[in-house]
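Open the model in a viewer that can select by chain and residue number. The stops below are meant to be followed in order.

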There are 2 protein chains.
Amino acid sequence: MTTKEIPYKIYLEENEMPKAWYNLRADMINKPAPLIHPGTHQPMTLEDLSPVFCEELCKQELNNTDPFIEIPQEIRDFYKMYRPSPLVRAYCLEEKLGTPAKIYYKFEGNNTSGSHKLNSAIAQAYYAKQQGLKGVTTETGAGQWGTALSMACSYFDLDCKVFMVKVSYEQKPFRREVMRTYGASVTPSPSETTQIGKKILEEHPGTTGSLGCAISEAVEVATSTPGYRYVLGSVLNQVLLHQSIIGLETKAALDKYGIVPDMVIGCAGGGSNLGGLIAPFMGEKIKGNADYRIVAVEPASCPSFTRGKYAYDFADTGQVCPLAKMYTLGSGFIPAPNHAGGLRYHGMSPVLSQLYDDGLMEAIAVPQTEVFAAAEEFARVEGILPAPESSHAIKVALDEAKKCIETGEEKTIVFGLTGTGYFDMVAYEKYHDGIMDDYVPTDEELEKYFETLPPIA
Amino acid sequence: MTTKEIPYKIYLEENEMPKAWYNLRADMINKPAPLIHPGTHQPMTLEDLSPVFCEELCKQELNNTDPFIEIPQEIRDFYKMYRPSPLVRAYCLEEKLGTPAKIYYKFEGNNTSGSHKLNSAIAQAYYAKQQGLKGVTTETGAGQWGTALSMACSYFDLDCKVFMVKVSYEQKPFRREVMRTYGASVTPSPSETTQIGKKILEEHPGTTGSLGCAISEAVEVATSTPGYRYVLGSVLNQVLLHQSIIGLETKAALDKYGIVPDMVIGCAGGGSNLGGLIAPFMGEKIKGNADYRIVAVEPASCPSFTRGKYAYDFADTGQVCPLAKMYTLGSGFIPAPNHAGGLRYHGMSPVLSQLYDDGLMEAIAVPQTEVFAAAEEFARVEGILPAPESSHAIKVALDEAKKCIETGEEKTIVFGLTGTGYFDMVAYEKYHDGIMDDYVPTDEELEKYFETLPPIA
């Protein structure tokens, strides 16, 4: 097949869209470690999880056996508003670089939430509605998840309470307004509206908040308000399950043209995008049907995979959530304040953590000025302004494509372009003005944070 | 054909994309009035236009005879990065409204410029490059055109100098940063860098600028700098020609499913989107092959069609540009400062002005709070955050769909969704906070502006 027979954008037909999510856990030989109860340290049961999450989502969280879980028709109908998302052949970029590599990216920014987060938000809102709930609570940092969830709740007429990390609430008023457009209430965290918020404000007056703190507040409100549950946009098994639609579509589009990737690259914060993108490829790899290089890219300033420990840790500052075994920097880890965009979470999805520990995937940490340089290089030829998070994957894809110029290899590189950077122009401005720095934590600093790890074998 | 056979989004295949733009002027019985020279009042010739615009674009500007003009391969390749754009069947909106109407929208916001403006920007940049120019100059108000042009210039390695209306430059720093990301230089207008800018600053110290003033500055720089030409994002015949790709794709997608619209609705500022969207439909109407209702929607605060005069007028404040015969409020017209978003130009495309004068289309003026209410109603079910400009068309489409609930008519309504509102959250915030007003100029005010019309028969 010659290059010209592959279109710039491969769109699946509506009837080629996946009808079930792919549950990679069913095919994993070493299953991800279970969530454990913060009090008893026993594996969380359906009963333990139900006060926090919707019933159906608890089942999905614990389901390590069914490889496919049907996508309800209502969710498939919603998906049709913005899916299938395009798999783009980056012809313009290849030509500009002069590389023999073939570069593809799966673009998830073509919806108003501006990112892949909508894929799970709509599923979680749907199950909340099915259960007859009044509403849901959540936290948001950079704001992509909060935006996606507010859209999903608006669609299903659910109340949506978002705790937004205070520094983002103040620095990103536009994100806040998008959420308000979709009818969500947005509270800066820590707030005086929760016990845990008050406690944190007493202990750290003037704090600008953190994701871990906002999670604690959202969980407190969900568990203390009748008719409410908590929802989360990353890390959890259920979220990776919903995000498998990204990988399924990507693989179907590649299969349609007989394309076999050499590498699949994704950015990794909590792991929602990466876990979804790689799921069907990893499944084939585990079964021995294919041997892809699978690469997680994380910020050098928040290096969970490359410098973290694989251990049970708290998911939130208030330590009200179940504990998860994951690559973590310690729940006390405070991301560099000048780090732009997301990927700031101290931990990593238990599924991905297990796969990484099993040597089935690699991880690369990259400094942020190089990420923004790659973002700009990409934007200028491919016409999409990428989110800083997504640009971590771009950085490594560009590096690999440039290596192919040296070696002459015609590698096929696939990466996930998770979203757009419209709300990140302050970070781009810093980059343009040359005032962006590349803070990397020292070993001593990391050791200090590791001390916050709970003593669980 | 039953409803279910029509997908949520109709995408054309790459090989179904138009290979030529449609030049509606060739089929118009009454041709649009020619541009005339500001000094001699004689029709502008190729020779007159060439110092201002690229050679090939001058030819397109004057071409009233060829119905189809081939799209060069390089432009078609660029189009493939973000086109064909989807024609969306608004099933979710129809269901929410409970209307028997069938609503379709052509979504042009799926590219980083965030609007349809890129369709003409890439064409104009291409011809500038072909002519061996070093760069181009332009003006931008809300910033969509400047963003699109900076992307296009970056792609073809052309220098891009943007004069941005000062009030927008200050209020929309993120738009400015996007342009910088694509390598453009952005100057707030009026500036000290041009003669006309200095003059305006002397006469009106502290002015926050206007589109008419920024046009004058951009034209001055283009005509006084070797290797530069001026480019414009709306009003001109050439721009409507390039934007015909919107209408051609829309009509091809509808034809593919045997759908015949009853109404085609678009927002109108200078007319670039509307002229492009309606072109092939209007062509059929002129030839007597079909009878669509074609509706322009404009803001009540800047009502060129509904309350303007059809007369020769200046295109710019500095009166250095050719004069155009158009529906106009007078070049001295100052749009309400609190009007959100674009559609603030005093005049209207000569092509559309002629069609309107011939009774081939209608126009409706709508107040801005109703526009934002419609925008929010749409966003909550269709998942796209629309630009304020685009929302003018949404407002009228919703009104028509609601009328169908009363009458039971199954009207097929097609409207143009020109772009996204990511950079318009300040306006949305005003709407949420209830501090948006609905200023409409009085008849006395309009009479005062009409006095600025030049005395040309």
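Two strands are said to pair if DSSP finds at least two bridges between them. The model is predicted, and the tour begins with one strand and its partners.

**Stop 1: strand S11 of chain A**

Select residues 293–299 of chain A, which form strand S11. Five bridges join S11(A) to strand S14 (residues 362–366) of chain A, and the two run parallel. Add strand S10 (residues 263–267) of chain A: S10(A) is also joined to S11(A) by five bridges, again in parallel.

Now show A:Val295. Which residue of S14(A) does A:Val295 stand opposite? The residue is A:Glu362. Towards S10(A), A:Val295 is the bridge partner of A:Ile265.

Next, colour helix H12 (residues 272–286) of chain A; together with S10(A) and S11(A) it makes a right-handed β-α-β unit. Is S11(A) largely enclosed or open? Six of its seven residues are buried, so the strand is largely enclosed by the rest of the structure. Buried here means under 20% relative accessible area.

**Stop 2: salt bridges within chain A**

Over all chains, a search of the whole structure finds 52 salt bridges. Start with A:Asp27 and A:Lys287, whose closest N and O atoms are 3.6 Å apart. A:Asp27 sits in the loop between strand S2 (20–22) and helix H1 (46–49) of chain A, and A:Lys287 in the loop between H12 and S11 of chain A, so this pair ties together parts that are 260 residues apart in sequence. A:Lys287 is partly exposed, at 48% relative accessibility.

Move to A:Glu400 and A:Lys403, where the N to O distance of the salt bridge is 3.0 Å. Both are in helix H16 (residues 388–407) of chain A; because they are three residues apart, about one helical turn separates them. A:Glu400 is buried, with a relative accessible area of 3%, whereas A:Lys403 counts as partly exposed at 47%.

One further pair is A:Asp159 with A:Lys161, at 3.2 Å between the closest N and O atoms. A:Asp159 is partly exposed, with a relative accessible area of 25%, and the value for A:Lys161 is 25%.

**Stop 3: the interface of chains A and B**

Show both chains and select the contacts between them: 46 residues of chain A are in contact with 46 residues of chain B. The two chains bury about 4,300 Å² between them, 55% of it on carbon and sulfur atoms. Pick out A:Thr181, A:Arg380 and A:Tyr422, which supply 17% of the area that chain A buries against chain B, more than any other three residues.

Between the chains there are six salt bridges and 22 residue pairs in polar contact. Which helix gives the most to the side of chain A that touches chain B? H8(A) does, with six residues.

To see one salt bridge across the interface, select A:Lys96 and B:Asp157, with 3.9 Å between the closest N and O atoms. Then select A:Glu429, A:Asp433, B:Arg176, B:Glu177 and B:Arg180, which are linked in a network of salt bridges.

**Stop 4: B:Thr138**

Finish in strand S6 (residues 135–140) of chain B, where B:Thr138 is found. B:Thr138 is buried, with a relative accessible area of 0%. A polar atom of its side chain lies 2.6 Å from the backbone oxygen of B:Val231. Residues that B:Thr138 touches include B:Trp145, B:Leu149, B:Phe163 and B:Tyr230.

Key
Residues are numbered from 1 along each chain as its sequence is written. Chains are lettered from A and ligands numbered from 1 in the order in which they are written. This is a predicted model: local features need pLDDT of at least 70, side-chain atom pairs count only at pLDDT 80 or more; totals for chains, interfaces and linings use all residues. Side-chain values use heavy atoms; hydrogens and water are left out. Buried means under 20% relative accessible area, exposed over 50%, partly exposed in between (1.4 Å probe, protein chains only). Helices (H or I, at least four residues) and strands (E, at least two) are DSSP runs, numbered from the N terminus. A crossover is right-handed if, with the strands pointing away from the viewer, the path from the first strand over the helix to the second runs clockwise. Contact means heavy atoms within 4.5 Å. Buried area is the accessible area (1.4 Å probe) that two parts lose on being put together, summed over both. A salt bridge is a side-chain nitrogen of Lys or Arg within 4 Å of a carboxyl oxygen of Asp or Glu. A polar contact is a pair of N or O atoms within 3.5 Å; within protein, one must be able to donate a hydrogen and the other to accept it, and residues adjacent in sequence count only if both atoms are side-chain atoms. Lists of a residue's contacts leave out its neighbours within four places in sequence.
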